[in-house]
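Here are a few exercises to work through with the model open beside you. Try each task before reading its solution.

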Amino acid sequence: MTRLSEYLLPTEKEAPADAEAISHKLMVRAGLIRQMGAGIWTWLPAGWRVHQRAVAIIREEIDAIGGQEMLMPVLQPAEPWRKTGRYAIDALFKLTDRKGAELVLAMTHEEAVTTHVAQVVRSYRDLPMTLYHFQVKERDEARPRAGVLRTREFIMKDSYTFDRDLAGLERSYDAHAGAYERIMQRSGLRYYRVEADVGMMGGSGAHEYMAPCPAGENEVALAGDYAANLEVASADPVPVTLPEAPDAPEAVATPGLTTVRDVAAELGLPEGALLKAYPVVVDGDGEERLVLVLVRGDHQVNEIKLALALSADSRPAQAAEIEAKLGPPGFIGPVQAPGEIEVLLDRAVAAAAPGGYVTGANRVDEHLRGVVPGRDFAFREVDVRNVLAGDTVGGVTVEIEPAIEVGNIFKLGTRYSEALGASYLDEDGREQPIWMGSYGIGPARIAAAAVEQNADEHGISWPRSLAPFDVHLVSLGKAGTPERDAADAVYELLAGSALDVVYDDREIGTGEKFADAELLGCPLRLTVGRRSLESGEIEVQIRRGREQAPPLALDGEPDALLGALHELWRSLP
RNA sequence: CGGGACGUGGCGCAGCCUGGUAGCGCACCUCGUUUGGGACGAGGGGGUCGCCAGUUCGAAUCUGGCCGUCCCGACCA
């Protein structure tokens, strides 16, 4: 029973002044969410209905693959977080109780679930197992943003699988991948499943479910069937034509020219015919060493791919370090005394057609031309560059699109089980670590992504699976008029049906009612007013596209009306 | 954490430069008229101007400190 005259739906004509993202503006304007602090949000009744619809879809699909729903606490002792090494994470909220005991607010639940499994699982006969819950996550984000898109507190469905070996993990992972495909489809989102960074902590594979939209914080590289987070994407570069290489590198004077652009312009070459030298300092087992990373002049180093290639974190070298080990900044290059500094050469260069590149000469105001990798310097081939729009994968041109990460699936391996002692005895009585996977998805991000992808100048246009209500019934008559009585009757009929209906019975102007209905964005709007009595029809608007649907008979058989309405509803996206 | 901006009724803003006891639009309350796309008239209620200190006879306004919020970037296990 939902009458707007009695329902908390505080709509606003104007968006918050500081809102940028579409979903931020519209979800506040439509009365779905309200802010309490930076990255801290309340879900108002209609917004919570959307959230709960997303939750219901997720629950059904995780149950369908054998997930067992439970609930683990947000407030947790610090010890297991110390054991897994995650106590050091900056984004982890830490606190002490009155006795001085150290506690944390969980940002995810690997520690909790693994602790329990370690206590409870003894035998290979107890595996495999899938546990999950919907629970609040707390993260001290450096920068919350865009309404409900990136918050410090949010509800996540996180599930965890426990298997006896890698093969079992692969099966559990694939089962989740299937469930996630169905969740995304049922949510009515446009999405990509992309290859993702597994991070420095290992793990043998990860995918993210990305909903493309302008407010997205991630970038996705797309080419036919290929889809990857830009953090890990690989592609074939647009080729460059190189000048023929002389027998040995030749020095060219380049006074004051320290950028790729300047040197390329001076020499009349494309930027891709130069090699960009990016010196970094790697901390290898406490000892720092300088490494020279080379990418094509028109390419950029990707920090995450570089970290993977180095198996270590690195930082850009400072000018003094460059000067001491290599040469004057702005003129550095790979041609040097052999073995001095390790050179990493990006695959886009290593795989290119023959020819000579231009590089810094390690001398002030000088470059070398005709430099041939392999002949003139030794290198290790790596893939560290950012993919660019226009690159190709399997001959298909790459496009890059911003997207919201709404879910991820991750092969954890044995990192947590080993840290927390989650093991089992196999048939031979040998103790084995449990192989784990973890799988997260955010109902709030599903909701926000749906708004981002389905909005127009009038407001939200929900996919029917997520809409706060299926039908928005507008009464245009004042209390006591025959048209109001007719609207009341339609409401009573719908309220007893399988469709969720919200009834605008407020004593306000027509325009305001229509505007609110289109702002809130339920898939179908029914209007009952004086015209309805004259024509015997209920006006029907489909929110998506704001099209008029064939009207429904006002005085027909109730079952026929409900049937027709339900059929129309089911035909919607 | 670096850069930038902002903080004045529920929302959006003006006032601040040049100090004198707070204003506009929307929203809200009452009455009346309206009623198929954000109506009209009349009357009315609501703000210690983010907080603390300082300067001054007097501070929304000037000074200092703090807090909060947003945007860009860094970060995001």
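**Exercise 1.** Is Y7 buried, partly exposed or exposed?

*Solution.* First, a word on the ground rules: this is a predicted model, where local features need pLDDT of at least 70 and side-chain atom pairs count only at pLDDT 80 or more, while totals for chains, interfaces and linings use all residues. Residues are numbered from 1 along each chain as its sequence is written, chains are lettered from A and ligands numbered from 1 in the order in which they are written, and side-chain values use heavy atoms, with hydrogens and water left out.

Next, the cut-offs: buried is under 20% relative accessible area, exposed is over 50%, and partly exposed is in between (1.4 Å probe, protein chains only). Y7 has a relative accessible area of 21%, so Y7 is partly exposed.

**Exercise 2.** Describe the aromatic pair that Y7 and F469 form.

*Solution.* Start with the rule: rings of Phe, Tyr and Trp (its six-membered ring) pair if their centres lie within 6.5 Å, and planes under 30 degrees apart are stacked, over 60 edge-to-face, the rest tilted. The structure holds 7 such pairs. For Y7 and F469, the centres are 5.9 Å apart and the planes at 70°, an edge-to-face pair.

Now place the two residues. Y7 is in the segment before helix 1 (22–29), and F469 is in the loop between strand 28 (459–460) and strand 29 (471–475), 462 residues apart. Helices (H or I, at least four residues) and strands (E, at least two) are DSSP runs, numbered from the N terminus. Last, F469 is buried, at 1% relative accessible area.

**Exercise 3.** How are the rings of Y173 and Y439 arranged, and what lies over the face of Y173?

*Solution.* The centres are 6.3 Å apart and the planes at 50°, so this pair is tilted. Y173 belongs to helix 5 (residues 166–186) and Y439 to strand 26 (residues 435–441), with these positions 266 residues apart. Y173 is buried at 2%, and Y439 is buried at 1%.

Then look over the face of Y173: K411 lies there, 4.6 Å from the ring centre. The test is that NZ of Lys or CZ of Arg is within 6 Å of the ring centre and within 35 degrees of the ring normal. R525 has its charged end over the ring of F514, at 4.1 Å from the centre.

**Exercise 4.** Which residues form one aromatic cluster with Y180?

*Solution.* Look for the other members: Y191 and Y209 join Y180 in one cluster.
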